[in-house]
Amino acid sequence: SFMSMDELAEHFELNRLGKSPARHDAQQLLHWQHEAILNADAPLLIDWLGEELAAVPADERESFVNLVRGNINFPQDVRHWMDVLYTESLDYPAEALNWFKEVGHGYFDTALTALEQSPNDYKDFIAMLKSDSGFKGKQLFMTLRMALTGRASGPELAPLYELMSEAGKNERLSNAKKLAD
């Protein structure tokens, strides 16, 4: 875990410093940047992200920051996730189109019905989608992730689903259905 400035000062020992010159390692810096974000509390991250969060409703900022913290390294990295959650449409990569075509319209019809019945409860939504579509595993989850986010990886689907508006989810699933041809 991270130490406070007081703890760092308490554990600092001048005689433990090496005499070799410091070496710049961008990967190591990026690693520690990511660790700092993972270990920071939400109010600190909200302050650090500043104007980048302007499009996120004030009452959703803490949930949003906690959702995306594992997927950002710099303030500008939140832009994609704001688009995912707060805009109507996405530009889907070719990989997403392949997933949509593989599962076909039936998957999206089932997803839209499940959304209608469980607009804010991911657990019920996914149970319904799984049982009624017949899909499971990667076909079930990767297709849903691609339809909702336009990416093959990202934040956990459950909190993302629950934070995203019902209209936004409906729009994404409907657009993915159109692209399943």
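Here, a residue is called buried under 20% relative accessible area, exposed over 50% and partly exposed in between (1.4 Å probe, protein chains only). The views below show a predicted model, in which local features need pLDDT of at least 70, side-chain atom pairs count only at pLDDT 80 or more, and totals for chains, interfaces and linings use all residues. Residues are numbered from 1 along each chain as its sequence is written, and side-chain values use heavy atoms, with hydrogens and water left out.

**Figure 1. The whole chain, a set of helices.** Welcome to the overview. The protein chain has 10 helices and zero strands; helices (DSSP runs of H or I, at least four residues) and strands (runs of E, at least two) are numbered from the N terminus. The radius of gyration is 21 Å, well over the 16 Å that the globule rule gives for 181 residues, so the chain is more spread out than a compact globule. That radius is taken over C-alpha atoms, and the globule rule is 2.2 Å times the number of residues to the power 0.38. Along the principal axes, the C-alpha trace of the protein chain spans about 65 × 35 × 25 Å. Of the 181 residues, 37% are buried. Among contacts (heavy atoms within 4.5 Å) between residues at least 6 apart in sequence, 67% join residues at least 24 apart. The chain exposes about 10,900 Å², and carbon and sulfur atoms supply 50% of that area; the areas come from the Shrake-Rupley method with a 1.4 Å probe, and for residues only the protein chains shown count as cover.

**Figure 2. Helix α10 and its buried face.** Helix α10 covers residues 166-179, and its 14 residues should span 20 Å at 1.5 Å a residue; the end C-alpha atoms are 20 Å apart, which agrees. The expected span is 1.5 Å times one less than the number of residues. Gly168, Lys169, Arg172, Leu173, Asn175 and Ala176 are the buried residues of α10. Seen down the axis of α10, these buried residues fall within an arc of 160°, so they line one face of the helix; the arc is that of the directions from the helix axis to the C-beta atoms. Their packing partners are α5 (78-86), α6 (94-117), α8 (137-149) and α9 (157-163).

**Figure 3. Arg172, a buried residue of α10.** Moving in on helix α10, we meet Arg172, which is buried with a relative accessible area of 0%. The Arg172 side chain reaches the backbone oxygen of Thr87 at 2.6 Å. Leaving aside neighbours within four places in sequence, the residues in contact with Arg172 include Asp83, Val84, Glu88, Ser89 and Leu90, as well as Tyr92, Ala147, Leu148 and Met164.

**Figure 4. Tyr92 and Asp91 in the loop between α5 and α6.** Tyr92 sits in this loop, and so does Asp91. Tyr92 is buried, with a relative accessible area of 14%, whereas Asp91 counts as exposed at 78% relative accessibility. A polar atom of the Tyr92 side chain lies 2.6 Å from the backbone oxygen of Ala147 and one lies 3.5 Å from the backbone oxygen of Arg172. Not counting residues up to four places away in sequence, Tyr92 touches Leu97, Phe100, Met146, Ala147, Gly150, Arg172, Asn175 and Leu179. Tyr92 and Thr149 are 57 residues apart in sequence and 8.7 Å apart in space, C-alpha to C-alpha. For Asp91 and Gly150, 59 residues apart along the chain, the C-alpha separation is 7.1 Å.

**Figure 5. Helix α4 and what covers its buried residues.** Look for Phe64, Val65, Leu67 and Val68, the buried residues of α4. Seen down the axis of α4, they fall within an arc of 160°, so they line one face of the helix. Their cover includes α3, α5 and α9.

**Figure 6. Loop residues Glu52 and Phe74.** Glu52 is placed in the loop between α3 (42-49) and α4 (61-68). The side chains of Glu52 and Arg79 are joined by a polar contact of 2.8 Å; such a contact is a pair of N or O atoms within 3.5 Å, where, within protein, one must be able to donate a hydrogen and the other to accept it, and residues adjacent in sequence count only if both atoms are side-chain atoms. Residues that Glu52 touches, not counting those up to four places away in sequence, include Pro75, Gln76, Val78 and Met82. Phe74 is found in the loop between α4 and α5 and is partly exposed, with a relative accessible area of 36%. Not counting residues up to four places away in sequence, Phe74 touches Leu30, Gln33, Ile37 and Trp48. The C-alpha atoms of Phe74 and Trp48 are separated by 9.4 Å, with their positions 26 residues apart along the chain.
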